[in-house]
Each structure stands twice: as structure tokens, then as C-alpha cells.
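Thank you for making time for this one. I would like to walk through a few places in the structure, slowly, and I will put it on the screen before I say anything about it.

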There are 2 protein chains.
Amino acid sequence: MTTAAPQPPADLVIDHCTVLVHDEDGGIDFRADRAVVVRSGAIAELPASGEAAGIEARERIDARGQVAMPGFVNCHTHAPMAALRGIAEDLPIEEWFNERIWPVESQLTDRDVELGARLACAEMIRAGVTCFADHYFAMDRVAAVVEETGLRAQLGWAYFSSQGPEGRARSLEFAREHQGAADGRITTALAPHAPYTVTADDLAATADLAREHGLPVHLHAAENRAQTDHSLKEHGLTPIEILDRAGLLATDLLIAHATGLTERDFELLAAAPGRIAVATAPRGYLKFGWDTTPVRDLARIGVPVGLATDGAASNNTLDVWEAMTLTALTQKQATRDPRWLTARQALDHATRQSARAVGLAGRIGALRPGHRADLVLVDLSGPHTQPVHDLADTLVHCARSSDVTTTVVDGRVLMRDRELRTVDVPATVAELEERLPVLTDRSHGQRIQTYEA
Amino acid sequence: MTTAAPQPPADLVIDHCTVLVHDEDGGIDFRADRAVVVRSGAIAELPASGEAAGIEARERIDARGQVAMPGFVNCHTHAPMAALRGIAEDLPIEEWFNERIWPVESQLTDRDVELGARLACAEMIRAGVTCFADHYFAMDRVAAVVEETGLRAQLGWAYFSSQGPEGRARSLEFAREHQGAADGRITTALAPHAPYTVTADDLAATADLAREHGLPVHLHAAENRAQTDHSLKEHGLTPIEILDRAGLLATDLLIAHATGLTERDFELLAAAPGRIAVATAPRGYLKFGWDTTPVRDLARIGVPVGLATDGAASNNTLDVWEAMTLTALTQKQATRDPRWLTARQALDHATRQSARAVGLAGRIGALRPGHRADLVLVDLSGPHTQPVHDLADTLVHCARSSDVTTTVVDGRVLMRDRELRTVDVPATVAELEERLPVLTDRSHGQRIQTYEA
């Protein structure tokens, strides 16, 4: 007589929740009264609640009245800039860079980067963000904070051509050394800053390195229409045409913003041999008075658009939920079509398309057996989320990040019942406050770059 | 020998908070480590915290780390429509009215209105809204809910010309009977629906009644550009010109939306003999794909613009904090000027201008001795609101309604530490859910009106 070997306890069982699921075609639906069973950091099964009652687990959450959904992915941010939140308000981009951000960043220490990143991770965990694509300096410090806080991240060490060849070399070195770090939660990218700060030669060299080392590339391009116009005037080429000539459209390329695209660009992106994605951060575009990313045109040519917040120094928040809602709202306004970008489409950007944008399709972005257990629980009992007519509409247009009660990454509970488990916010803020007077003093007259795009 | 009579205990002392204050010119500033002392429903004094220690009080709140600011005013809403939240998503205005809202409203009972209003009041108290201007039907039920929940409101019973003279008569009767109700927390207005649903004769009669009875008028006008174009084609007049000919620009007039204004309209509004104000609800304009209210042009001619959410059936939320943030963001985008509508300007719309819009200047909208004690406490200790460089920026661009911990109206604490004291949300939602299947069944084929503007 043989019996099945007894299963070891699950890492985590979340019971009695409604689960956001993707059907075979990627469509979004909801299953009531389900459980999420997590083993070895992955989703093992999504049984009916009744069937989960007998499953032994090291941690169990009764999620009655809550929705379980994939954690949000912040597809383009500069987490350490949380330290600079609020220092440059109500300014055009030139002044924002030249008079505030780049002077302050010239004094930034590794410790500032670490404190800013830690504060950002606390904010993101509370807002239901489980993964972020970061593009900044001193990224070894950011990697350490990702390791410590339990988040997932795609990290790239930014560089300008003004730094000489060392910038590019450091970006490559960081990417090679940290690929797969933090038990696989960290992936990496090469991170040239933008076509207006990195030369055509350096961009071409980056494309070569990306191919040689099998690395994706994450950069800013066509951030606004004025940049595109400036590029056309200076080079006779749009920023996207510059990326194309450099060979970057043949890489796995994540383009931040892309609000200044032209018809020629759409043709190039449609025909690109690489895996191209765009990250849209709609709050900042409103704040700078720009157009927004042309999401409908990008959908037409099959380019996935992930959601993002950019850094807190421009966007103020790292709230991807807000980015989702604002994407729905601003796309309707930009196209003058209230039927465009429905709540289900917005949720598709927040889940499937964002996972693709950071190169993690098939691993995150859906609650499906085999996917990593990156998920959040959302409490819909508040008066602002009642009554519920369609859960997709409720999530996108009524709920907000403060309705997230629980955040799980790789099966580990980073926040439960709104209590953070991996970050000490008061200690982080207290040390940051001590450093701010020196950090924000701009009397030294230095800056790391000059914006002329 | 005589001694001063001992003062009776204060209603409420809030201690150790930072207070948002308006200076003589209306400019916004902050005073650290203050107390708010409330007596007889009004702000009695704002002493330094140390001086407040000896003041006896019936309720005392230690508000360390929090900001006390005037409660938000929702200058245009339809509170009962919280019952219809989510029933009409991603639709142009014609379908929204004709296929969804007006059919459903044809079946609305007084009980539905009451439940919807109660849910809306719960949402608003939680979001830091202390006063709302409501424009709907069965307003006696809304008045009862205002009485019971403790909020302040300006209420108007809406009417269409299609209802015959009874509609206007009922609006007047309600306004006269409920003026000053709920211990003075209720004020009233005449509430013709809009120039596209109320005839020129009825509008003129309304203006006469407003003058005769000393009542303000609250209506929708120039909601979008298409309405203005339609009005010009039908009547050779803009909606504002229709209001002018009816004599309504000589009354105390609150115009909801006004996104479709023309140059001729600005001239008329600038010269208007009445006290004109506009309520802007920017979320809904994005969602319908409209222009937004031209706030800068209205500022130029001295017309105050209050913040609003419209009803939850179009706007989804009743979150005036979100309206404040979106006003800052969408005005920058509409004018393509990142310097316009600073955080302090947004706070001025949320406080001083909103109080003026609902006819309560000098009574609410500022924390100042003699003003009614309508205020909220905001917790800024969350990672998303740190560090603080300038409190105005933090409030407008980082904080959100869920950071409100405590809401006070007329000196009465309606929510403390996020616990509602005057509304039972689960009971309200449970009864509403039972009624929804009948309410949202549109098989009867009826509607209360047809939208043709």
C-alpha cells in the first residue's frame, strides 16, 4: 500500500477573497470566494475557499471583502529621488533640471541615495507596488535596499556621455554583477540617460553591449514635443530615429515617457526588430503642461505601455494606482473619446503590459499557478468603493492606493493590515531630515549636467 | 473684590497641530505647534500649544504631526447619486443621460435618495468634506440626512421645465422651508437644472423668485463646448447669454462646470451685477473627454472658482481633495504653463473661493476666530508625504483624502482617528444592495428627460 507524500505547509494561504484573473486571451475577470495558495514564492493554486480550508500554511490571511490582484509595477522611476520630493515645484523642465535637480544631485551621497530609496520602497509597498524599474545613480545602494525591503526591481545605473567612457562601463558592470541578485528578485538593464544627454556613438556602443551581454536597455526618449522639435532641428532626426540609427530598436528597450512621438516614429516602432515597450507617467505630464503618451497609437502598433510614476521630485507620488486612474482619465481626454481606455484596459496596462515592459512577462502581472506570488489585497468596504456594479470600474475609478491592506512579493508578506514589515519609516525620515539642509543648499553653483533639449 | 467669571469648558480643543491660516490678503501660511479652541461651534482662538494646556474641554485631541486645515467644500454634487456609482461608465454624455441615468432616475424612490445621500455623506466625511452644495430631487430626504450626519450643506431641489410649473414651485417651497435648518447648517438655493432643460421663461421666473425671496440660484451651464455650440445654433446665444437675458446674472449664481465658455461670456460675467461663482469638477471633464473649466480666465475677471466632484455616477468619487489636486494638474496642462495654479492657489480654491461659491464667505473656509469650526486634521507621517519641503506642495501634490483622520463640522467631531461617528456604512450599503436590482433595471423603457443639447 502506498500513500501520497504529505505536502509541506504552504508559505501563505490567502482565503475568502475575490481574485482578479486573466483569461487565455488576456481579458480580465474576477472569481469570487477563492483562495491563493503560495509555495516556494510562487502561486501554487487558486482553489475555491472551501477547498483551501484544509491546507496547512505558515501564514494565513482571511481576506473576506477584499480583492486579490497582481501587485503594481512601477515601470519607470528614480526611487532615491523620494529624498528630493517637493524641492522643485511649478517649474518648466529646463529650470527643474538646471536650477534645482541637477545642482542638488551634484551633492548627493550614497547615504542619501539609500535613504531616499528606502523611503520610496516604503511608499511603494504601502501603495501596492511590488516591482519597480529604477534608473539612477549609486544603484548598488538601491540594490541593497531592494534586497532588504523585499521588493522586486529591474535596476539600471544611469549615465551621461559627459561622464566619459567610465559612465557606460559602470552601467555595464552594475548590470552584470547584480543580474539575478536578491534571490532572483533583481534584474538589470543598461541605462543611458537619454538621446539628448548621450551621444549617438555612446548609444550605438550601448546597443552593442546589450546584444553582447543579453541585457535590456532602459532610457528616456521623446519626453515631450519640444525635445522632438529640438532634435529635428539639431540632427534632422527625431529621438526615436536616433535610437533606431544607434541600433537600440533591435534591443529589449524600455522607453520612458515618449509623449513627443511623430508619425515617422510609429512606423519605426511598429517595424522594430527588438522588444520595445513604453512607460507612461501621466501625472508628471500634466504637471509640466505636456501632451501625454499616445497610448492608443502605441496599442495600434502593438507596443505595450506600462504604468509609471517617474521620480518623486517631479511626480510627487510613487503611486502607480494613481498612474492607472490618470492613464484612463487622460487618455479619454487626449483622444476626446470617453469610450477609449476602459477600466479593463487600464487594468491590462497595470498588469500584463507592465510585466512585459519590465521583461517579466510570464513571471509576474497575473495571478496564475506558476507565476511568482507578487500580489496585493484591496479592501473595498469603504463608502467610496460602494456599491459595486463592475469590479473593474470600482478598482480603476473608485478605489485608490490607500485601499491596499496587504502587499506580497515572492510569497513574502511585506505589509499586512497596513503595517509595514521591512521598513522603519520614522527612522528613515528622521535621518533624511537631518541631511536635507546640506543636500538642498545650492550655493555651491554646481550641477551634474545642463539641460538644453 | 470681583473675579472674572470662570469660562465654561470649551466644546473641543485640538492641540499640538500645525494650522493652515489665511493672512489679511488671503495668502496661505502655516503656524506650527498651535491649538484650535472651539466654543459654541465656532473657532474661539488659535493659541500656541503651551497656552492651550490649561483650557478645559469636553473633548481634546492631541494632533501631533498633523495639519489642521479648513474642511473641504464640495461646491457641486448630487449626493444621492452615490447609489448609482458605476452604472454608466465609459460613455459620452448623451448615452450617459439618455440610456442610463435618466431611465434609472425614473424609478428612484425617496428611500433610494436617502440611502445614496447617507453613503455620500459617509464618503465625504471620510474625505475631509465638511460642506456640500447639492442639486437633486427629493431634497427633503437629503436635508434629513444632513441633519442626521452633521454635515453642512447648501441644498437646492432641481427642476426641469418638462415638469410644468410644479417643479419650480417645489424648488421654491423647499428653499423657503429649509433655509437655516439643522441649527443653521443648511442653507438653500433655487435649482433650475440647466439652460438646455429649463426654458427662458422659467429661467426668468426663477431670477424673479431669487430676488423676491433673497435666494441664491444653483444650476448647470455651458457644461461643455458642444452645449455652447448647440445653444448658439438653436438660439443664437451662448448658455451664459441665456442666463444673462433671464436676469440670472443679477442674482447670487453658482454655475456648475462652465467648461464651454466663450470670450463673449467672459465679458458678460465680468460685468455681471450679481455675485457669480463657478464650481469646477475636473475629474469628470477628463472622463467625458471635455475641456476643463477656464480657471485662469475666470481668475482674471474675478469670478471665484470652487472645487467640486459632481455626482458619483459620473465622477465615481466625491473626493474634493482629488478635485483640488486635479485642478492644479489639469490647469497646468490646459494652459501649457507649469507655473500656473501653484499649490497655494489650489488651496485658495479649496478654502476661500469655495466658501464664497456656496455663499458662506466669512463663516467657513478659513481657520480664524469667529468662523464656524469646520475643519479637518491631516496626518502627514506617511512615507508618501515625507520629506516636507513646503507644506502647501505636500498637501496638494503628495497628500490625499485618505490622510484625513478627523473631520469636524460646527465644532462637532464627525470622524475621529478615521472612525465615523454619525453614519453606519455597512447597514447603508446592505440596504442599498438589496434595492439595486430593481433600481438599475431599465426594461421599463422610461426616462425622466431626453438630452438633446
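Let me begin with a word I will use often: a residue is called buried when its relative accessible area is under 20%, exposed when that area is over 50%, and partly exposed in between. Please also keep in mind that what you see is a predicted model.

With that cut-off in hand, take B:Asp90, which has a relative accessible area of 13% and therefore counts as buried. Its side chain meets that of A:Lys332 in a salt bridge, with 2.5 Å from N to O. B:Asp90 sits in the loop between strand S6 (72-77) and helix H2 (93-105) of chain B, while A:Lys332 belongs to helix H13 (residues 320-335) of chain A, so this pair joins two chains. As for A:Lys332, its relative accessibility is 0%, so this residue is buried too.

There is also a salt bridge between the side chains of A:Asp90 and B:Lys332, again given as 2.5 Å from N to O. This pair crosses between chains, running from the loop between strand S6 (72-77) and helix H2 (93-105) of chain A to helix H13 (residues 320-335) of chain B. Are these two partners buried or exposed? A:Asp90 has a relative accessibility of 12% and is buried, and B:Lys332, at 0%, is buried as well.

These pairs belong to a longer list, since a search of the whole structure finds 62 salt bridges over all chains. One of them lies within chain B, where the side chains of B:Asp29 and B:Arg31 meet at 3.6 Å, N to O. Here the surroundings read differently on the scale I gave: B:Asp29, with a relative accessible area of 34%, is partly exposed, and so is B:Arg31, at 32%. Elsewhere, in chain A, salt bridges that share partners link A:Arg111, A:Glu114, A:Arg118, A:Arg141, A:Glu148 and A:Glu431 into one network.

B:Arg31 brings me to B:Cys17, because these two residues are in contact, and I would like to stay with that cysteine for a moment. B:Cys17 is placed in strand S1 (residues 10-22) of chain B, and it is buried, at 1% relative accessibility. Beyond its neighbours within four places in sequence, its contacts include B:Ala32, B:Asp33, B:Arg34 and B:Val36, and also B:Ala63, B:Gln66 and B:Ala68. B:Arg34 is 17 residues away along the chain, yet the C-alpha atoms of B:Cys17 and B:Arg34 are 5.4 Å apart.

Moving along chain B, strand S2 (residues 28-39) runs antiparallel to strand S3 (residues 42-45), and three bridges join them. Among the bridge partners, B:Arg39 is matched with B:Ala42 in S3(B). The two strands form a hairpin with two residues between them, and B:Ser40, in the turn, has a positive phi of about 50°.

Finally, the cysteines: how many disulfides are there over all chains? The count comes to zero. A:Cys75, for instance, has its closest cysteine sulfur in A:Cys131, at 7.5 Å, which is too far for a bond, and A:Cys75 is buried at 0%. For A:Cys398 the closest cysteine sulfur is in B:Cys121, 17 Å away, so that pair too is too far for a bond; A:Cys398 is likewise buried, with a relative accessible area of 4%.

Technical notes
Residues are numbered from 1 along each chain as its sequence is written. Chains are lettered from A and ligands numbered from 1 in the order in which they are written. This is a predicted model: local features need pLDDT of at least 70, side-chain atom pairs count only at pLDDT 80 or more; totals for chains, interfaces and linings use all residues. Side-chain values use heavy atoms; hydrogens and water are left out. Helices (H or I, at least four residues) and strands (E, at least two) are DSSP runs, numbered from the N terminus. Buried means under 20% relative accessible area, exposed over 50%, partly exposed in between (1.4 Å probe, protein chains only). Contact means heavy atoms within 4.5 Å. Two strands pair if DSSP finds at least two bridges between them. A disulfide is a pair of cysteine sulfur atoms within 2.5 Å. A salt bridge is a side-chain nitrogen of Lys or Arg within 4 Å of a carboxyl oxygen of Asp or Glu.
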